[in-house]
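Here are my notes on the model, point by point. Please read them with the structure open.

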There are 2 protein chains.
Amino acid sequence: MSFSEYPSKLLENAVNEFASLPGIGRKTAFRLVMSLLKRNNDEVQRFGESIIRLRSEIRYCRNCHNISDNELCTICSDGKRDGSLICVVENIQDVMAIENTRQYKGLYHVLGGIISPVDGIGPADLKIDSLEEKVKAGSVREIIFALSTTMEGDTTNFYLYKRLNKYNALLTTLARGVAIGDELEYTDELTLGRAINNRNPYQQ
Amino acid sequence: MSFSEYPSKLLENAVNEFASLPGIGRKTAFRLVMSLLKRNNDEVQRFGESIIRLRSEIRYCRNCHNISDNELCTICSDGKRDGSLICVVENIQDVMAIENTRQYKGLYHVLGGIISPVDGIGPADLKIDSLEEKVKAGSVREIIFALSTTMEGDTTNFYLYKRLNKYNALLTTLARGVAIGDELEYTDELTLGRAINNRNPYQQ
């Protein structure tokens, strides 16, 4: 089925919009639109408005650039958090992933991307100046680089290290090692090599 | 990642709405919402409005019950179509599939479903009365049953036959046979049996 002609312009518009989303093809878009047509008017109104409001009313925390409903996000405005510890991440998905571990009690700094010459993203496109300002101000004890273990992540780590090394904060990265649940024989040699070199005292 | 806590209520609402669509899980919903956040405000406004307008302004053709922007759909209002030939289909997807073949020049009748006792759908839930009215009026020469070759489709075919047989129209169904591109050895025996019985003169 090519769905070359839609019986209604309204239908065609809605399908086109859904099909413009990443990973959604025209057939899936059509199926989603048909499922919306089966709902009552109020539900669909709420759906549409949730999208419009999200984009028009969303704010970003002025301290860490995380998504927020207020000027400061819930993490930055939480007095029990350790403000001298900053975890640098690529995007808000990473904030949520680390928050879900419930292991981290410091603050975050969302770069809004990662240095990637292939995609035309350089340091100036990321929130690096505001990170340097925080470190320069002197109240930061430690910066954790929590970026992807890809070439882009390593490049960004290196760039951040060069920029922030002259200040007084400790610069750390996430531990690299064998993932929990992984079988040794299927672990890639780079990871396994690092895991051997960074071995820890055995704890019962 | 469980995404148990979202940093923003607006974000959470939008993700919930997308995740309510069939086949869209929470992770996909989140990814779609994040892609919308990267667009500019006007684009997202247009997206949301296309959904709201679709539901609030959509109409159904008063003759064939196909989706339409006007009282009569483009097919029913096309004077070159043969109004004495009616193809009965389950839904508008089927109309579009048959239209894409460019082989059919009659009109349609969209039942809006198929008789399915398991799903609690009986004849009264479908647009069968209006189909009978058309046939009763006497101007219909042939009714083509173009329903799925499932038990529900067969049940609906049988019910329609019982209701419409007393009128003057010819009742036909789509040809059953080996699909084009199918290999004989993988064709199911029911289809192959029908294809042998309904064989046609060879055409060069």
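1. A definition comes first: copies are superposed by least squares on the C-alpha atoms of residues with pLDDT of at least 70 in both. The model is predicted. On that footing, which residue of chain B comes closest to the rotation axis? B:Gly48 does, with its C-alpha at 2.1 Å.

2. Now the symmetry itself. A turn of 179° and a shift of 0.0 Å along the axis lay chain B on chain A, with an RMSD of 0.1 Å. The two copies are therefore related as by a two-fold rotation axis.

3. Next, the contact between the chains. Chain A gives 48 residues to it and chain B gives 47. On the side of chain B that touches chain A, at least two residues each come from helix 1 (9-19), helix 2 (26-37), helix 3 (41-57), strand 2 (67-68) and helix 4 (92-101) of chain B. Helix 3 of chain B has the largest share, 14 residues. By type, this side of chain B has 24 nonpolar, 14 polar and nine charged residues.

4. Do the copies meet through the same surface or different ones? The same one, because 100% of the interface residues of chain B are also interface residues in chain A.

5. Helix 3 of chain B deserves its own check. It has 17 residues, and at 1.5 Å a residue it should span 24 Å. The C-alpha atoms at its ends are 23 Å apart, which agrees.

6. Which residues of helix 3 of chain B are buried? They are B:Val44, B:Phe47, B:Gly48, B:Ser50, B:Ile51, B:Ile52, B:Leu54 and B:Arg55. B:Gly48 is thus on this list and is also the residue of chain B that comes closest to the axis. The cover over these buried residues includes helix 2 of chain B, along with helix 1 (9-19), helix 2 (26-37) and helix 3 (41-57) of chain A.

7. Chain A is assigned two domains: domain 1 (9-57) and domain 2 (67-173). Their centres, taken over C-alpha atoms, are separated by 34 Å.

8. Last, one residue of chain A. A:Val95 sits in helix 4 (residues 92-101) of chain A. Is A:Val95 buried or exposed? A:Val95 is buried, because 24 other C-beta atoms lie within 10 Å and the cut-off for buried is 20 or more. Neighbours within four places in sequence aside, A:Val95 is in contact with A:Asn66, A:Val89, A:Tyr108, A:Val110 and, from chain B, B:Pro7. A:Ser35 is 60 residues from A:Val95 along the chain, and their C-alpha atoms are 33 Å apart.

Notes:
Residues are numbered from 1 along each chain as its sequence is written. Chains are lettered from A and ligands numbered from 1 in the order in which they are written. This is a predicted model: local features need pLDDT of at least 70, side-chain atom pairs count only at pLDDT 80 or more; totals for chains, interfaces and linings use all residues. Two residues are in contact if their C-beta atoms, placed from the backbone, lie within 7 Å. Helices (H or I, at least four residues) and strands (E, at least two) are DSSP runs, numbered from the N terminus. Ala, Val, Leu, Ile, Met, Phe, Trp, Tyr, Cys and Pro count as nonpolar, Asp, Glu, Lys and Arg as charged, and the others, Gly among them, as polar. Domain bounds come from an automatic or database domain assignment. The expected span of a helix is 1.5 Å times one less than its number of residues. A residue is buried if 20 or more other C-beta atoms lie within 10 Å of its own, exposed if 12 or fewer, and partly exposed in between; C-beta atoms are placed from the backbone.
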